[in-house]
Structures are given as structure tokens and as C-alpha cells.
Amino acid sequence: MMETLTSSFTTEGYWELFSLVRNSVITAGVLGLMGGLIGVFIMLRRTALVVHGIAEISFAGAALALLIGVDVVAGSALGAVAASVLIGVLSLKDRDTSAVTGVLMPFGLGLGILFLSLYQGRSANKFGLLTGQIVGVDDVQTQTLVTGAMVISIVLLLIWRPLMFASVDPQLARARGVHVNLLSMVFMVLLGIAVAMSVQVVGALLVLALLVVPAAAALKVTVRPYLAVLLSMLFALISSVGGIMLAITGTVPISPYITTISFVIYVICVLLGRGGRNRRRRSAAVLTSWPLTA
């Protein structure tokens with residue numbers, strides 16, 4: 001098995017191949033930066049499971065679009081936004097995001113499997129919905145994904161302070177007059193769009209590697225808001241672009257490279273973070289000051 005895997009790698013004609021996937025590298029880089037930015041809020045709001053739930057509904061939307069012959073990216077986006085809004089609304093009522101997500105996840109995955117089983121087209125299209133197909137993006141898709149990522153990043157920066165406050169201490173933020181519920185719904189919509197775009201890179205099954213793992217790694221080594229965001233964006237950029245750079249050397253899909261790089265970065269950060277016991281003792285005090293110092 002190892003011999004088969006290593007024999008698939010080759011550097012012959014590497015830069016010619018790289019020129020063919022230049023759009024993919026640009027798109028992956030921008031999506032990685034966006035994922036690193038929104039990932040910090042995902043971790044602070046403890047909504048990592050929500051990301052996976054939205055991804056599975058996004059997968060169902062994409063599978064339905066594939067079945068009826070319409071744009072798969074649009075179907076994925078509609079499914080993701082619908083799921084994020086539904087989870088957001090239901091969570092406002094019972095305050096249990098994990099339970100709501102746990103109910104919707106199997107439903108979305110079941111629908112996706114049903115739609116794919118009815119689809120009679122190329123099997124590669126089915127596989128791409130689960131593992132991503134960023135290497136094949138064209139100019140129009142690149143422009144759409146890059147524009148969407150930039151819009152999400154700009155909106156997050158505009159609502160940075162109140163969203164950070166509401167994420168760290170929602171009760172105190174509500175007492176200070178922050179519109180916590182409105183911010184939560186805005187964030188969920190942004191998250192839905194971000195998940196739909198990230199699914200194009202790593203697929204519905206592995207989207208956590210781009211939106212959650214880099215931020216989780218960054219928060220293992222620092223509690224400073226700006227540094228955590230910058231490290232998260234850097235880790236996501238390395239994972240996404242590095243995954244493509246490695247993927248074009250062989251026949252293995254891009255997703256295992258991205259997930260492996262993300263995991264290695266996380267392990268390194270965990271090991272580095274263990275030496276900072278004093279930093280963890282100060283973490284609670286620093287985190288509560290984020291809305292005031294960020």
C-alpha cells in the first residue's frame with residue numbers, strides 16, 4: 001500500500017501543472033484566510049458541531065442541484081444558508097445549539113445520500129461533493145468564491161467588537177445593550193455562506209479542517225485576540241494552499257493533504273501550548289477583556 005502511494009508522486013512538469021491550477025491556488029488561499037478569520041468566532045461561540053451540521057445540509061442541497069441539473073454551487077449555498085438560519089432560529093428558542101444540530105445532521109446526510117443514489121451521472125461528481133473539487137474551478141467560479149470570501153471577511157471586521165463581546169460573554173453583552181440575538185443570526189448567515197464555499201475546497205465531510213482546526217490550533221498557543229486571528233488565518237492559508245501544492249504532485253485527492261496539514265499544525269500547537277501553563281492561568285482574564293481591547 002505504501003509503495004503504491006509513494007509511486008503516485010512525481011515532480012515532472014510540476015510548474016506546468018501549477019500554471020493550470022493557478023485559479024485553484026488563489027481561491028484556496030482566499031478561502032483559507034476567510035476560514036481562519038471566522039474560525040476564531042466559531043471556537044469562541046462553541047459552534048464547531050454546527051459547522052458540520054450546516055455542511056451536511058449544504059451537501060444535501062448540492063446533491064439535489066446535481067440531481068435536477070442546476071448549478072451545484074448555488075444548491076450548496078442555498079442548503080447551507082437555509083440550515084444556518086434554521087439552526088439559528090431554533091437555537092434562540094431553546095438555547096441548545098448542539099441538540100438542534102444533532103437533529104438536523106442525520107436528516108441532511110440522509111437526504112444527500114438519497115439524492116445521490118437517484119443521480120445517474122458521473123460518479124466523480126458524487127465523490128466531489130464529499131471531498132471537494134477545487135482543482136477544477138474556472139475563472140467565473142474563482143471570481144464568485146473570492147468575492148464571497150472577501151465580503152464575509154469585511155462584514156466580520158465591521159461587526160468585530162460587538163460580535164466578539166457577544167461571543168465571549170453573551171449575558172453581559174445583552175446587559176450592556178448589545179443586540180445579541182441579531183448578531184447571532186447575522187453570524188449564522190455568514191457561517192452558512194462560509195461553509196458552502198469551503199465545501200468546494202474540502203467537501204462536506206472534511207469542512208472542519210478548514211473552518212475549525214486552524215482556529216483551534218491558534219487558540220492553543222495564544223489568548224490575544226489579534227494574534228489568535230492572525231495565526232488562525234496563517235494556519236488555514238498554509239493548509240489550503242499547501243494541500244493543493246502537494247496534491248498536484250500525485251493522484252491522491254486534495255482533501256487528505258489539507259486535513260493532514262491542519263492536523264499536524266494542531267498537534268504542534270498543542271505541544272507548544274503545554275509549556276505555557278502560566279499563560280493559561282491568565283487566559284480567563286484576557287478573554288473577558290477581548291471586547292474592550294480588540
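This passage describes the packing of helices, nonpolar cores and aromatic rings in a predicted model.

The interior of the model is considered first. In soluble globular proteins, nonpolar side chains tend to be buried together. The largest nonpolar core of this structure comprises 57 residues, and those with the most contacts inside it are Ile54, Leu156, Phe187, Leu191 and Val195. Helix α11, which spans residues 180–202, gives the most to this core, contributing 12 residues. The surroundings of Ile54 illustrate the packing. When neighbours within four places in sequence are left aside, Ile54 is in contact with Ala80, Ala83, Ser84, Ile87, Met188, Leu191, Gly192 and Val195. A second core, separate from the largest one, consists of nine residues, among them Phe59, Ala62, Leu66 and Val72.

Aromatic rings were examined next. A pair of aromatic rings is described by the distance of the centres and the angle of the planes. Three aromatic pairs are present in the structure. In one of them, the ring centres of Phe41 and Trp160 are 5.7 Å apart and the planes stand at 85°; because this angle is over 60 degrees, the pair is classed as edge-to-face. Phe41 belongs to helix α3 (residues 22–44), whereas Trp160 belongs to helix α9 (residues 160–168), so the pair ties together parts that are 119 residues apart in sequence. Phe41 and Trp160 are both buried. Through ring pairs, Phe41, Trp160, Phe187 and Tyr226 are linked into a cluster. Phe187 of this cluster is also listed among the residues with the most contacts inside the largest nonpolar core.

The packing of helices was then described for two pairs. Two packed helices are described by the angle between their axes and the distance between the axes. For helix α4 (48–68) and helix α6 (residues 97–118), the axes come within 8 Å and cross at roughly 25°. Since this angle is under 35 degrees, α4 is roughly parallel to α6. The crossing in which α4 passes α6 is left-handed.

Two residues of helix α4 show what surrounds this helix. Ala60 is found in α4 and is buried, with a relative accessible area of 6%. Apart from neighbours within four places in sequence, Ala60 is in contact with Gly108, Leu111, Gly112 and Phe115. The C-alpha atoms of Ala60 and Leu114 are separated by 8.7 Å, although these residues are 54 residues apart along the chain. Ser58 also lies in α4. With a relative accessibility of 0%, Ser58 counts as buried. Not counting residues up to four places away in sequence, Ser58 touches Ser76, Gly79, Ala80, Ala196 and Val199. Ala80 is thus a contact of Ser58 and also of Ile54.

The second helix pair comprises α13 (residues 213–221) and α14 (residues 225–247), whose axes come within 8 Å and cross at roughly 135°. The two helices are therefore oblique to each other, and α13 passes α14 in a right-handed crossing. On the side of α13, the contact is made by Pro214, Ala215, Ala217, Ala218, Leu219 and Val221, and on the side of α14 by Ala228, Leu231, Ser232, Phe235 and Ala236.

Finally, the backbone at one loop position was noted. Most residues other than glycine have a negative phi, and most peptide bonds are trans. Arg46 is not a glycine, yet has a positive phi of about 55°. This residue, Arg46, is placed in the loop between α3 and α4. Its relative accessibility is 72%, so Arg46 counts as exposed.

Conventions
Residues are numbered from 1 along each chain as its sequence is written. This is a predicted model: local features need pLDDT of at least 70, side-chain atom pairs count only at pLDDT 80 or more; totals for chains, interfaces and linings use all residues. Side-chain values use heavy atoms; hydrogens and water are left out. Rings of Phe, Tyr and Trp (its six-membered ring) pair if their centres lie within 6.5 Å; planes under 30 degrees apart count as stacked, over 60 as edge-to-face and the rest as tilted. Helices (H or I, at least four residues) and strands (E, at least two) are DSSP runs, numbered from the N terminus. Buried means under 20% relative accessible area, exposed over 50%, partly exposed in between (1.4 Å probe, protein chains only). A nonpolar core is a set of buried Ala, Val, Leu, Ile, Met, Phe, Trp, Tyr and Cys residues joined through side-chain atoms within 4.5 Å. Contact means heavy atoms within 4.5 Å. Axes are lines fitted to C-alpha atoms, for helices over the stretch in contact, and angles run from 0 to 180 degrees between N-to-C directions. Angles under 35 degrees count as roughly parallel, over 145 as roughly antiparallel, 65 to 115 as roughly perpendicular and the rest as oblique. A crossing is left-handed if the near helix is turned anticlockwise from the far one by less than a right angle, and right-handed if clockwise.
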